Amino acid sequence: MRRYHLVRRADSRIGRTIAFYAVGILVSLLIGAVILFALGINPLDYYGKMFTIGLVGNRYGYKSIEGFLKIFVPLLITSLALSLSFKMRFWNIGGEGEFLIGAITASVIAFNSEGMPNFVTVLLMCLAAMISSGIIGIAIAALKVRFNTNETLMTLMINYIMLYVIRYIGETKADWNFFLREDSERPKFGTFPDSAVMTGIPIGQFKLLWSVIIAVALTVIVYIYLKYTKQGYEISVVGDSSATAKYAGMSVGKIVLRTMFISSAMIGLAAALTVSASGTISDTVTNNVGWTGIIVAWLSKLSVPAVFITSILISVLQYGCQAAATQYPAIDINYADLLQGLILFSVLVADFAANFKIVKKEEAKNA
Amino acid sequence: MEYAIELKGITKSFGPVAANKNINLSLAKGEILALLGENGSGKTTLMNILSGIYMPDSGSIFIDGKKVSINSPEDSGKLGIGMVHQHFKLVERFTALENIRIGMRDAGRFMHGADVRKKIEDTAAKFGFEIDLDKVVSNMAVSEKQTLEILKVLCYGAKIIILDEPTAVLTVQEIDRLFDVLRKMREEGHSIIIITHKLNEVMAISDRVAVLRHGEYIDTVVTKETNEKALTELMVGRKIELNIDRPVMEKTHPLLEIRDLTIKNDEGAVAIDHINFYIRGGEMLGVAGIAGSGQKELCEAIAGLRKIEEGQMIHEGESIVGMSPKKILEHGISMSFIPEDRLGMGLAPSLSITDNMILKNYNESKGIFVDRKTAREEAQKVIDRLEVVTPSTETPVRRLSGGNVQKVLLGREIKSGPNVLITAYPVRGLDINSSYTIYNILNEQKKKGVGILFVGEDLDVMLALCDKIMVICHGRLQGVVNSNHTTKEELGLMMTGTINIVNKDGKTDGIAKDSAFTDEEGKA
């Protein structure tokens with residue numbers, strides 16, 4: 001006889017959710033601590049370095065913040081873009097592919113920008129990336145609208161296609177291939193000329209890149225767009241029930257195309273800002289934002305302010321793990337990935353536990 | 001008395017909602033027990049507990065006097081319980097025989113063994129079923145599918161059969177045939193629970209009636225010792241007037257004329273086949289027909305959501321063929337369709353009442369922003385006027401009860417001041433009280449001179465409410481009859497296509513004598 005079963009909780013209290021999250025993170029940190037301990041590292045020490053992203057006692061603390069922001073900006077913009085399409089129930093899991101397209105087209109301009117003014121180059125890079133990514137997004141949306149293809153499969157495939165395209169570019173020595181360094185025997189991506197490298201506002205030694213300001217501004221814009229504009233309203237209706245949208249006289253196809261264009265173009269923009277900020281391109285340029293962004297969007301329940309906060313937390317986690325790992329010879333970047341996985345998994349379990357409970361079956365009292 | 005099933009203290013909650021509260025119910029051997037209750041009273045939940053789909057939070061179940069625990073549909077089947085669900089559980093691409101065979105676990109290795117066929121044929125003969133075992137389910141009519149479902153559970157050796165609203169999809173004649181089968185099963189010693197909320201059927205078929213209200217068990221009464229009025233009171237909890245008003249209005253000029261209309265469904269088959277009719281102001285025209293006879297396609301075509309193949313749709317002397325849904329709405333035709341899941345079309349369930357109010361006119365305000373201030377005022381007006389029970393205008397429609405959802409939908413449609421109101425299944429799934437509120441809303445509109453097309457399910461209601469009733473069968477017009485001069489039986493025969501009275505007296509339907517639009521104009 002089965003005595004226990006799962007029941008959805010009646011109410012969702014924010015306090016309880018936070019408590020469950022805290023417990024979940026604590027448990028994953030404990031598991032991580034056991035591994036650290038086995039490797040002969042003091043876990044408290046390690047975690048201390050991790051959560052301060054290597055700021056404390058570091059002469060080059062501003063470098064840590066810059067490093068953190070380089071992870072944060074693309075993740076934030078990608079998560080916002082994905083939330084936009086998820087809100088419409090369009091399962092765009094092609095963030096990786098859309099990002100790579102943007103990165104490649106932005107790099108085409110960057111590698112050929114010698115001597116151009118910096119502002120013009122970066123602007124052109126952004127525009128090129130947004131248009132190219134947007135076109136791919138709109139193409140997949142068009143297939144969905146016209147032939148009712150499965151957008152999950154289509155966007156998933158784009159990820160692999162673009163991954164192999166960039167690997168091909170990165171591994172093919174040829175006259176046409178201006179992506180690669182000319183002075184290297186082995187194929188190796190070159191670095192952008194100064195004209196294509198993102199500048200910013202210097203604050204002491206620290207440089208606040210323009211990309212950070214753009215990302216924060218985009219957050220505000222997306223928030224207003226979804227909440228107050230007619231187009232945002234249309235996205236909610238289509239996402240809630242496309243039959244209703246059609247019945248209300250909305251042209252669902254047009255809305256899907258438009259939203260997918262905006263979503264993909266934003267991911268393209270994230271890519272352009274990323275390659276410009278790092279001054280080069282590589283096949284790991286996405287840092288998995290296409291995947292992590294999906295987690296951020298869902299953990300935030302597609303709410304824009306929550307996406308902003310979750311993006312900060314996950315970026316702290318990612319950068320902190322890397323920063324701490326570099327200080328211990330016994331562990332490498334893989335441990336950072338492992339710990340990240342543990343924490344994300346336990347947060348998802350905590351989220352489930354906050355919404356469901358296990359109840360015991362009672363016998364009848366009057367039987 | 002010997003009991004086939006006894007339920008003691010069954011409780012089942014979904015979150016804060018107790019669907020079943022401490023329910024005690026008994027089913028005697030060889031009896032037909034009707035389970036009566038309004039929507040949301042917990043009938044289906046209780047039966048799902050018996051069939052192993054849900055597990056009770058507390059309480060015990062006794063089968064043939066022995067305490068049992070039902071943890072899965074398989075357990076339920078082994079105990080001899082068979083359930084015929086409201087939405088059939090059949091494999092569309094399989095034949096009748098294959099559908100029965102897949103559930104027979106102990107019948108050898110082969111799908112089409114001779115013994116399997118023999119066993120099924122014997123069972124069918126015993127209960128007087130007429131069924132073609134080699135017919136593919138997707139080619140079957142609704143009543144055939146239901147016969148197959150019942151035969152299926154009998155072949156699995158069920159002694160206790162539960163039928164969840166089996167008559168909802170059947171015509172009057174088919175219901176009679178179903179009841180004959182049920183009586184035969186009772187003679188064979190089977191025990192039957194039938195869920196329905198049609199009182200006349202309860203009186204016709206059951207031995208005893210168990211009544212649930214708001215998840216609680218109220219009473220079990222012997223059918224012979226009760227009447228429809230007493231049952232209604234048990235069900236609703238207080239006295240209620242069962243008469244539906246039908247104000248007689250001065251009929252004005254024809255508002256909507258449909259001539260020779262042909263429409264295809266999503267699969268490309270003809271759904272509506274050369275139909276003619278018209279609606280005048282101050283008149284309510286009912287549309288009767290078996291589920292899936294083209295009602296949905298007709299409504300969608302008039303609202304501009306579906307392309308038509310042939311024919312004309314004329315609104316106040318102007319053709320609306322090829323107009324966008326928005327344009328048609330501006331013309332004064334408003335359509336509200338309540339689909340089977342109730343929320344799928346017409347409302348966006350996760351959005352607030354406010355946001356649902358502006359669904360059709362959000363684009364009329366200036367600028368890029370949605371005008372929520374006006375919307376909130378309109379939502380408040382609808383809430384006040386139709387007495388919608390809701391915490392606020394910002395509550396998601398999904399959280400409202402069925403009656404309130406439908407009030408919001410109708411409220412929005414009426415708000416735009418249409419002169420033709422098309423409403424399909426407006427009381428679908430509503431309890432008696434909410435249904436009457438909806439009838440009143442419709443009658444009020446009629447008094448204002450609005451022409452109403454009422455697509456309905458319940459013939460009793462349509463006879464009481466509508467001025468005229470148009471019957472369609474497989475998309476063909478079977479005739480338009482005056483509610484005062486027809487009977488349920490006649491309508492039933494028309495619905496199955498047995499009687500066709502179109503052009504009986506040499507008069508053409510669909511072209512009103514004083515039409516402002518001649519046929520020639522339409523062709524030009």
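## Nonpolar cores

A nonpolar core is a set of buried Ala, Val, Leu, Ile, Met, Phe, Trp, Tyr and Cys residues joined through C-beta atoms within 7 Å. This structure is a predicted model. Its largest nonpolar core has 178 residues. Five of them have the most contacts inside the core: Ala106(A), Met125(A) and Leu269(A), together with Ile422(B) and Phe454(B). Helix α10 of chain A, residues 252–278, gives the largest share of this core, with 15 residues. Apart from it lies another core, of 58 residues. Ile32(B), Ala124(B), Ile160(B) and Ile175(B) are among its members.

Look at Leu269(A) in detail. Which residues does Leu269(A) touch, leaving out those up to four places away in sequence? They are Ile77(A), Cys126(A), Ala129(A) and Met130(A). There is a general trend to keep in mind here. In soluble globular proteins, nonpolar side chains tend to be buried together.

## Chain A

Chain A has 13 helices and four strands. Its radius of gyration is 23 Å, and the globule rule gives 21 Å for 367 residues. The two values are close, so chain A is as compact as a globular protein of that length. Along the principal axes, its C-alpha atoms fill a box of roughly 90 × 65 × 40 Å. Of the 367 residues, 42% count as buried. Now take the contacts in chain A with a separation of 6 or more: residues 24 or more positions apart account for 76% of them.

The domain assignment splits chain A in two. Domain 1 covers 1–41 + 332–367, and domain 2 covers 61–327. Their C-alpha centres lie 31 Å apart. Nine residues from domain 1 of chain A and seven residues from domain 2 of chain A take part in the contact. What classes of residue does the domain 1 side of chain A bring? Seven are nonpolar, one is polar and one is charged.

## Chain B

Chain B has 17 helices and 20 strands. Its radius of gyration is 25 Å, close to the 24 Å that the globule rule gives for 524 residues, so chain B is as compact as a globular protein of that length. The C-alpha atoms of chain B fill a box of roughly 70 × 50 × 45 Å along the principal axes. Buried residues make up 46% of its 524 residues. Among contacts in chain B between residues at least 6 apart in sequence, 69% join residues at least 24 apart.

Chain B is divided into domain 1 (3–236), domain 2 (246–332 + 418–431 + 444–524) and domain 3 (345–417). The C-alpha centres of domains 1 and 2 of chain B lie 36 Å apart. The contact takes seven residues from domain 1 of chain B and 10 residues from domain 2 of chain B. On the domain 1 side of chain B, three residues are nonpolar, three are polar and one is charged.

## A helix with a buried side

Helix α16 of chain B spans residues 488–495. Which of its residues are buried? They are Leu491(B), Gly492(B), Met494(B) and Met495(B). Why do they lie on the same side of α16(B)? They cover an arc of only 165° around the axis, which puts them there. The general rule for helices helps. An α-helix has 3.6 residues a turn, so residues three or four places apart point the same way.

The buried residues of α16(B) pack against two helices of chain B, α6 (172–187) and α15 (459–465). They also pack against the strands β13 (284–288), β19 (468–473) and β20 (476–482) of chain B. Just after α16(B) comes Gly497(B), with a positive phi of about 85°.

How values were computed
Residues are numbered from 1 along each chain as its sequence is written. Chains are lettered from A and ligands numbered from 1 in the order in which they are written. This is a predicted model: local features need pLDDT of at least 70, side-chain atom pairs count only at pLDDT 80 or more; totals for chains, interfaces and linings use all residues. Domain bounds come from an automatic or database domain assignment. Ala, Val, Leu, Ile, Met, Phe, Trp, Tyr, Cys and Pro count as nonpolar, Asp, Glu, Lys and Arg as charged, and the others, Gly among them, as polar. A residue is buried if 20 or more other C-beta atoms lie within 10 Å of its own, exposed if 12 or fewer, and partly exposed in between; C-beta atoms are placed from the backbone. The arc is that of the directions from the helix axis to the C-beta atoms. The radius of gyration is taken over C-alpha atoms; the globule rule is 2.2 Å times the number of residues to the power 0.38.
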